[in-house]
Amino acid sequence: FTSTVTMTDPGKPVAQLAIKGTVQAKLLDVLQTSAITNVGTIDGNWTTVPAINESAVWDKVTYGNGKFVAVSASGSVQYSTDGTSWTNASGVQGNSWYGVAWGEEVGKFTAVSTNGSPRAMYSSDGISWAAATSSPSTSSLWQDVVYGNITSGGTGRMVAVSRSGSTIISYSDNGGINWSSSGVNGISDSAWYSIAFGNGVYVVTAGSGNNPAMWSNDGKSWTFGTGDVKSNVQPWKGVTYGNGKFVAVAETGSQRCMYSTDGKDWTIVPSADDTISWSNVGYGNGMFLAVSRDPVKQTMYSFDGITWILSENPEAQAQDRRGVAYGGDRWVTTSVDGTGRTMWSYTGNGNNSVLTFANDNKLALFEGGDSVKQNNDAASGFVASVDVAAKTMQVAGSTETWSANTGNYVIGPRTP
C-alpha cells in the first residue's frame, strides 16, 4: 500500500511519529522469519557412479515405489533405491527401451521401445518385468511414456508417444498390460519425442516438424499448441510439469526453453546457455532441472521455469545425458555414452545453505525460487525448499555467508 504524510512542520513529534509508522507498515508488508539459530550446508555436488552396464545406452530414468528405474536402448533395465548402487532387472526383453514411467494408482512401471514385439512391458516393483499382453503398434518407434490420473475411479492412464510410424499415440488403462491406439490423424509430420502430464492435461513435444507441441485432456484427442511454439520450430526433446507449469527444453535454437501454464499456449525464454544442447528436463523438490549433451555444462536449474542458472560438473566424464528424475531426497541422471553413466546429487544445483530458525514464523509462506536476503544484507540467495516442521529453509545460489549471530533473520518477498 501507499501512505501519504502531509507535514506542516517536519520537526514536530507528531510528524516524526507519522513517518515512523509509515516506514514500519511498509516493512511489515514483506515476509520475515524469526531469528536464524543455526547455519549448515548440504553438499549438492554431483557424484558420478558406474551404471550396472557401462556399455549400455541409458536413455531414460524415473522414480516410483521407492526406487529409481532406468531403461536402455541396449535392451536392459537397472534399478536402485539410492541412485548410487545399481542392479540388473529380470524378465526384460532385448528391445531398445527409450521410455519409462511409474503409475501411482495402478502401481506399475511401464516401459516402451522402438523395436521388438511387443513394444511395451510392465512391472510392479521395477525388478521383475513382463511383456505387455497387447502391444502398441510394432510399426512405430515408441520414444516416451507418462502416467496421468485422469480416468474415472482414479485408475489413471499411461500414454505413449512415437517419433515415427503409422500410430503416433497409444494408451493403456491398466498399467501397460494392454494398449490401444488413440486413432489420431494429421500429426505424423512431427517426430514426437517427449510427453508429460499435469493438471489434467497431457503434453507432447517434437524433435522436428511444423507443429512441435500438442495437448490433450484424455490422451486420445489432441490439439496443436499455440503461442511462441508455432514460430520456433526446433527440437524440443524434453518436457515436464511442475509448480503449475509445463516446461520444455531444446537441443538447438536461439532460445532453448519454453513454458506454458496450461499446456496449450507457450512462451519461449533463454536457457542458461543457448549454445548447449539441452536433451531433457525434470521436476522435483520445487525445482526444474535440465540435462545436456555437453561434457562439462551438464545441468541447469530453475525454480520457476523462466529464469535458468547453469550448474557445471567438471568431474563428470559421460557426455550425453538423456535421463533425469527426482526421488526420495536426490536427483539422478543417466547417460548414453562415456564413463560413469549415472550421476546423482542431493540438490542438483550445488551446495545449499540450510538455515534453522527459532520458530516457524511465516515459513509456510515462502516458496521455491523466492529471492531472500539476510536482514543486514550480508548474504542472499533463492529459496530451494522449506520444512516448516523442522523450522528450516534451504537456500540455493547463496552469495557470501549466512550468519546465526544474534538478531539476524531472513527477509523475503512481499507478503502474499
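This report walks through salt bridges, aromatic rings, one buried serine and the largest pocket of a predicted model.

Because the model is predicted, local features need pLDDT of at least 70 and side-chain atom pairs count only at pLDDT 80 or more, while totals for chains, interfaces and linings use all residues. Residues are numbered from 1 along each chain as its sequence is written, and side-chain values use heavy atoms, with hydrogens and water left out.

**Charged pairs**

Side chains of opposite charge can pair when their charged atoms come close. Here a salt bridge is a side-chain nitrogen of Lys or Arg within 4 Å of a carboxyl oxygen of Asp or Glu. The structure holds 11 salt bridges, and three of them are set out in the table, including K237 with E251.

| Salt bridge | Closest N to O |
|---|---|
| K237 and E251 | 3.1 Å |
| R330 and D329 | 2.9 Å |
| K373 and D377 | 3.1 Å |

Salt bridges that share partners join D59, K60, K237, E251, R293, D320 and R322 into one network.

Let's look at K237 and E251, whose charged atoms come to 3.1 Å. This pair links distant parts of the chain, with K237 in strand β21 (residues 236–242) and E251 in the loop between β22 (245–250) and β23 (257–260), 14 residues apart. Strands are DSSP runs (E, at least two residues), numbered from the N terminus. Are K237 and E251 buried or exposed? Both K237 and E251 are buried, where buried means under 20% relative accessible area, exposed over 50% and partly exposed in between (1.4 Å probe, protein chains only).

The other two pairs have their own settings. R330 counts as buried because its relative accessibility is 12%, whereas its partner D329, at 39%, counts as partly exposed. K373 is partly exposed, with a relative accessible area of 34%, and D377 counts as exposed at 55%.

**Rings and charges**

K237 has a ring partner too: its charged end sits over the ring of Y193, 4.5 Å from the centre. Likewise, the charged end of K264 sits over the ring of W215, 4.3 Å from its centre. For this, NZ of Lys or CZ of Arg must be within 6 Å of the ring centre and within 35 degrees of the ring normal.

Rings also meet each other, and the structure holds nine aromatic pairs. One of them is F109 with W129, a tilted pair at 6.4 Å centre to centre with 45° between the planes. F109 lies in strand β9 (residues 108–113) and W129 in the loop between β10 (120–123) and β11 (130–131), so the pair links distant parts of the chain, 20 residues apart. Rings of Phe, Tyr and Trp (its six-membered ring) pair if their centres lie within 6.5 Å; planes under 30 degrees apart count as stacked, over 60 as edge-to-face and the rest as tilted. Both F109 and W129 are buried, and ring pairs link them with W102 into a cluster.

**A buried serine**

S72 is found in strand β5 (residues 67–72) and counts as buried, at 0% relative accessibility. Leaving aside residues up to four places away in sequence, S72 touches A56, V57, W58, D59, N95, S96 and W97, a contact being heavy atoms within 4.5 Å.

**The largest pocket**

The largest pocket has a volume of about 890 Å³. Which residues lie nearest its centre? Among its 32 lining residues, these are T62, Y63, V146, T240 and Y283. A pocket is an open set of points on a 1 Å grid over the protein atoms alone, where a 1.4 Å probe fits, with protein on both sides within 12 Å along at least five of seven lines; lining residues have an atom within 4 Å of a point.

Conventions:
Helix = DSSP H or I, 4+ residues; strand = E, 2+ residues; numbered from the N terminus. Points joined across faces, edges and corners; volume = space filled by probe spheres on them.
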